[in-house]
Amino acid sequence: MLIFELSSKGRSASAQYEECESVEDIPEIYLRNKPTGLPEVSELQVIRHFTNLSKKNFSIDGQFYPLGSCTMKYNPRGAHQAARIHGFLNRHPLTAENKSQGFLACMFELQEYLKDLTGMQAVSLTPMAGAQGELAGVAMIKSYHEKNGDPNRSEILIPTAAHGTNPATAVMCGYKVREVGVTKDGDVDLDQLKNTVGPATAGFMMTNPSTCGVFERQIQGIADVVHNAGGLLYYDGANLNAILGTVRPGDMGFDVMHMNLHKTFATPHGGGGPGAGPVGVGEKLAPFIPTPVVGKDNNGDFRWIDEQDLPNSIGHLSTFMGNAGILLRAYAYARMLGFEGMQRVGKYATLNANYMAKRLTQAGFRLAYPKRRPTHEFIISLSDEAKDLGVTAMDFAKRLLDYGYHAPTTYFPLLVPECLLIEPTETETREEIDGFVDAMAAILEEARRTPELVRTAPHTLPVKRLDDVRAARDLDLVYVG
């Protein structure tokens with residue numbers, strides 16, 4: 001039932017309201033002349049409504065969430081509390097630099113931490129999400145070539161295992177996209193890359209480990225091929241969690257990257273925001289980094305560095321300097337862990353993935369790349385089950401909901417048929433991982449004995465199997481009371 005349907009005229013949940021200030025000083029033109037149209041309900045009705053509504057959602061606070069390439073790990077409450085400290089929470093973004101030294105010090109240190117962890121020369125915190133960080137990275141590549149008198153580089157190369165945002169970002173920046181294939185073992189096809197690069201190549205976008213769930217074994221050769229052709233190498237930070245504290249993208253030869261703070265640095269996921277997607281750059285792109293960034297004077301004071309200091313910057317990407325509350329959470333997370341803790345993140349994420357992959361193969365599932373050791377995530381293919389039993393990867397995903405688990409990523413990367421991309425993250429216990437494997441094994445047995453039970457799942461949720469095509473074509477988001 002919608003909360004509007006609970007509404008009854010005269011009911012109120014205003015007992016906890018603070019007293020309103022006088023509206024006498026507000027011009028009459030700005031005063032409301034009719035009711036807001038909000039539901040009139042009691043405080044208890046409000047609490048019950050939203051509590052029950054929350055129980056219908058899957059979330060990392062309630063369920064295991066092995067969504068591959070998304071790193072759905074636990075967001076520690078200590079980081080949230082740190083960001084809510086009174087001085088941070090109530091600081092206005094226009095506050096003068098000399099009255100913002102504590103906040104600026106935190107942002108400066110976060111920039112330094114991210115530089116150390118990625119091997120980049122400079123970091124800007126201003127992008128508001130990973131996608132905007134991508135946009136900044138490709139925009140910097142474009143500005144670099146134009147500044148160097150090479151504006152005819154019109155192509156961005158992307159492996160077939162890339163995230164969907166990569167080609168979208170390249171097109172938004174005015175580039176043509178050319179794909180580079182992946183070998184049967186999950187590596188970028190180096191020979192095809194050599195035959196694809198040329199005078200039109202502006203850059204190559206990839207992540208390492210790739211979305212095939214394996215570490216790219218030829219990364220230095222890839223970097224050499226791209227650089228020798230005059231292009232730049234872009235790192236999609238979606239899979240940084242796997243190598244945190246062990247290997248750095250800058251040392252692999254990457255020139256620019258974005259970092260998904262909601263993945264690797266445990267800031268909140270989803271809901272359309274809030275977000276943050278800092279970018280890191282090497283020496284070639286440092287002059288083009290988006291502003292503002294935080295600098296430190298010789299006397300130890302912190303200040304904003306803007307376009308007057310960086311005349312070749314691609315400029316501002318967001319109001320002020322980005323999402324302060326999310327950046328503070330990432331800073332607190334980094335401080336809580338320290339460098340040794342960061343190293344453990346990557347190691348335990350990889351250990352959990354390899355343990356789960358081994359157990360799933362023992363349960364009868366087939367790895368997409370059986371000759372490769374998984375990194376922080378791995379792919380199983382259910383193409384045999386789809387062919388022999390008529391039960392697809394999507395059917396498995398829906399049935400997992402009945403067992404209390406969110407599904408892994410389905411049908412991505414597209415080059416693996418009937419695939420599930422599974423990422424347990426470092427924050428899950430062995431017991432939780434074992435429970436997920438047992439659920440998968442039980443569903444496999446159901447698929448063999450009673451396949452219709454799996455095909456029609458889920459059965460225990462408030463919403464059953466949806467018609468995805470109809471939902472997309474006949475979208476209805478309007479409530480009529």
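In the predicted model, the loop between α1 (43-55) and α2 (77-83) contains Ser69. The backbone of Ser69 has a positive phi of about 70°, although this residue is not a glycine. Most residues other than glycine have a negative phi, and most peptide bonds are trans. Against this background, two peptide bonds of the chain also deserve mention. The bond from Thr291 to Pro292 is cis, with omega near 0°, and Pro292 is placed in the loop between β7 and β8. A cis peptide bond likewise joins Ala457 and Pro458, where omega is about 5°. Pro458 belongs to the loop between α14 (451-455) and α15 (468-473).

At the level of the whole chain, the domain assignment gives domain 1 (1-53), domain 2 (76-333) and domain 3 (340-466). Between the C-alpha centres of domain 1 and domain 3 there is a separation of 44 Å.

Seven strands make up an open sheet with mixed pairing, in the order β1-β7-β6-β5-β4-β2-β3. The edges of this sheet are occupied by β1 (122-124) and β3 (176-180); each has a single partner strand, so one side of each is left without a neighbour in the sheet. On average, neighbouring strands of the sheet are turned by 20° against each other, direction ignored. Within the sheet, strand β4 (residues 201-206) pairs with strand β5 (residues 232-236) in the parallel sense, over 4 bridges. In this pairing, Gly203 is found opposite Leu232 of β5. Helix α5 (residues 130-147) packs on the sheet and touches β4, β5, β6 (256-258) and β7 (279-281). The direction of helix α5 makes about 175° with that of β5.

Further along the chain, strand β8 (residues 293-296) and strand β9 (residues 302-305) run antiparallel and are joined by 4 bridges. Val293 of this pair stands opposite Ile305 in β9. The two strands, β8 and β9, form a hairpin with 5 residues between them. In the turn of the hairpin, Gly300 has a positive phi of about 90°.

Another open sheet consists of 4 strands, with antiparallel pairing and the order β10-β11-β13-β12. Its edge strands are β10 (366-367) and β12 (409-410), each of which pairs on one side only. The antiparallel pairing of β10 with strand β11 (residues 378-381) extends over 2 bridges, and Leu367 has Ile380 in β11 as its bridge partner. Helix α10 (residues 324-362) packs on this sheet, where it touches β10, β11 and β13 (419-422). The direction of helix α10 makes about 15° with that of β11.

The interior of the model was also examined for enclosed space. A search of the whole structure finds 3 cavities of 30 Å³ or more. The largest cavity holds about 100 Å³ of space. Its lining is formed by 13 residues, and those that lie nearest its centre are Pro159, Ala161, Met206, Thr207 and Ser210. By class, the lining of the largest cavity comprises 6 nonpolar, 6 polar and 1 charged residues.

The second largest cavity has a volume of about 60 Å³. Residues that line this cavity include Cys212, Gly213 and Val214, together with Leu367, Ala368, Tyr369 and Arg372. Pro374, Phe378 and Ile379 are also part of the lining. Of the residues in the lining of the second largest cavity, 8 are nonpolar, 1 is polar and 1 is charged. Both domain 2 (76-333) and domain 3 (340-466) give residues to this lining, so the second largest cavity lies between the two domains. Leu367, named above as the bridge partner of Ile380, is thus among the residues that line the second largest cavity.

Technical notes. Residues are numbered from 1 along each chain as its sequence is written. This is a predicted model: local features need pLDDT of at least 70, side-chain atom pairs count only at pLDDT 80 or more; totals for chains, interfaces and linings use all residues. Side-chain values use heavy atoms; hydrogens and water are left out. Two strands pair if DSSP finds at least two bridges between them. Contact means heavy atoms within 4.5 Å. Axes are lines fitted to C-alpha atoms, for helices over the stretch in contact, and angles run from 0 to 180 degrees between N-to-C directions. On a 1 Å grid over the protein atoms alone, a cavity is a set of points where a 1.4 Å probe fits but cannot get out, and a pocket is an open set with protein on both sides within 12 Å along at least five of seven lines; lining residues have an atom within 4 Å of a point. Grid points are joined across faces, edges and corners, and a volume is the space filled by probe spheres set on the points. Ala, Val, Leu, Ile, Met, Phe, Trp, Tyr, Cys and Pro count as nonpolar, Asp, Glu, Lys and Arg as charged, and the others, Gly among them, as polar. Domain bounds come from an automatic or database domain assignment.
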